[in-house]
Amino acid sequence: MTMTDQRSPDGSAVRDRLDQYLSEKGAVPHGRIVPLTGDASDRRYFRVISPEGRSTVLALHAGAIDFASLPFTNVARLLQQVPLPVPAILGHSDPLGIVALQDLGDVTLQAHLGAASPAEHQALYRQAVAFIALLQRRGAELASDAYQPYAITFDVEKLTWELNFFVRHFLEAYRGVTLRPEERAAFDDEWLAITHELAAEPRVLCHRDYHSRNLMLHDASLYIIDFQDARMGPDTYDLASLLRDSYVDIPDRELDELLAYFLALKGVTDAPEFRRRFDLMALQRNLKALGTFGYQTMTRRNPVYIQYMPRTLNYARMTLEKYARFARLREVLATHVEELR
């Protein structure tokens, strides 16, 4: 196998770990190992291509793992019971910190949309919305202490932490804002109201990061990835993540149609109330996303997320303008972020 020599955080050669894993699994020589663009975690991904063209993806962790207790392993087993399409687990090595996965290719929903016809676009998003409805329904039926997500919740503490993450990493670190004491107090008051309302919403099984970059198009169907942080949360969470996606523009008409489709699948009749709750969730989600983008840019020195800030800010501005209850929050934010004025 050939690839550029790289070093992992523990000092061992990445290539040595990959080659050892492949040797232990009886992989044939003279294939290729291609580094893939990973997510925002410490995992790294590599595509292994045999001389015959067969491919597998290896997820390389920072160090040794306990495969049986990995959240990824546990949640994958749960999602297979739903059932939802997730990559098959093909093997693993605890000492080497490697999990081998089905190769779903490189085409995310985000990447595919540029080449999709309007009909294909609509069909894919309806499929993605239907997956959320199925996850919520079957998630309630499969609830068990055997699955880790049922013990983790988007509660007031977690939701508040995410909003403070926005303040710390987007406003203060990325935008260089120094908040006055009265502004901090205003944020605290607003966060308290938002998080208590969200935490009181109907609680369902959530993917937690359900958007166009975590949906892969493979064999003309969608597959779900990056699900290891699944947990219980508001029934609007995954839908807001998908339809107020920082990576994709969703026109208002399409948004309305997809929300109506979801409500029909769920049998929900109070559309205005659901839309209000959806918008509140979307605002929290977009502010948290801005915090993540600021963190990646300033702390991780990864500027790729800067390009997604304008869309995310626009989504947040639309929600702030729509509801009178956010007048104070919008006023405080607009003092420092002109895109929210």
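**Exploring a five-stranded sheet**

Reader: Which residue in β2 is the bridge partner of Pro35?

Author: This is a predicted model, where local features need pLDDT of at least 70 and side-chain atom pairs count only at 80 or more, while totals for chains, interfaces and linings use all residues. Residues are numbered from 1 along each chain as its sequence is written, and side-chain values use heavy atoms, leaving out hydrogens and water. Looking across to β2, you will find that the bridge partner of Pro35 is Phe46.

Reader: How many bridges join β1 and β2?

Author: Two strands (DSSP runs of E, at least two residues, numbered from the N terminus) pair if DSSP finds at least two bridges between them. β2 covers residues 44-49, and its antiparallel pairing with β1 runs over bridges numbering five.

Reader: Which strands are at the edges of the sheet?

Author: The open sheet has five strands with antiparallel pairing, in the order β1-β2-β3-β5-β4. An edge strand pairs on one side only, which here picks out β1 (32-36) and β4 (89-93).

Reader: What is the radius of gyration of the protein, and why is the protein called as compact as a globular protein of its length?

Author: The protein has 11 helices (DSSP runs of H or I, at least four residues) and nine strands. The globule rule (2.2 Å times the number of residues to the power 0.38, with the radius taken over C-alpha atoms) gives 20 Å for 341 residues. The protein is as compact as a globular protein of that length because its own radius of gyration is close to that, at 21 Å.

Reader: What share of the residues is buried?

Author: With a 1.4 Å probe and protein chains only, buried means under 20% relative accessible area, exposed over 50%, and partly exposed in between. Of the 341 residues in the protein, the buried share is 50%.
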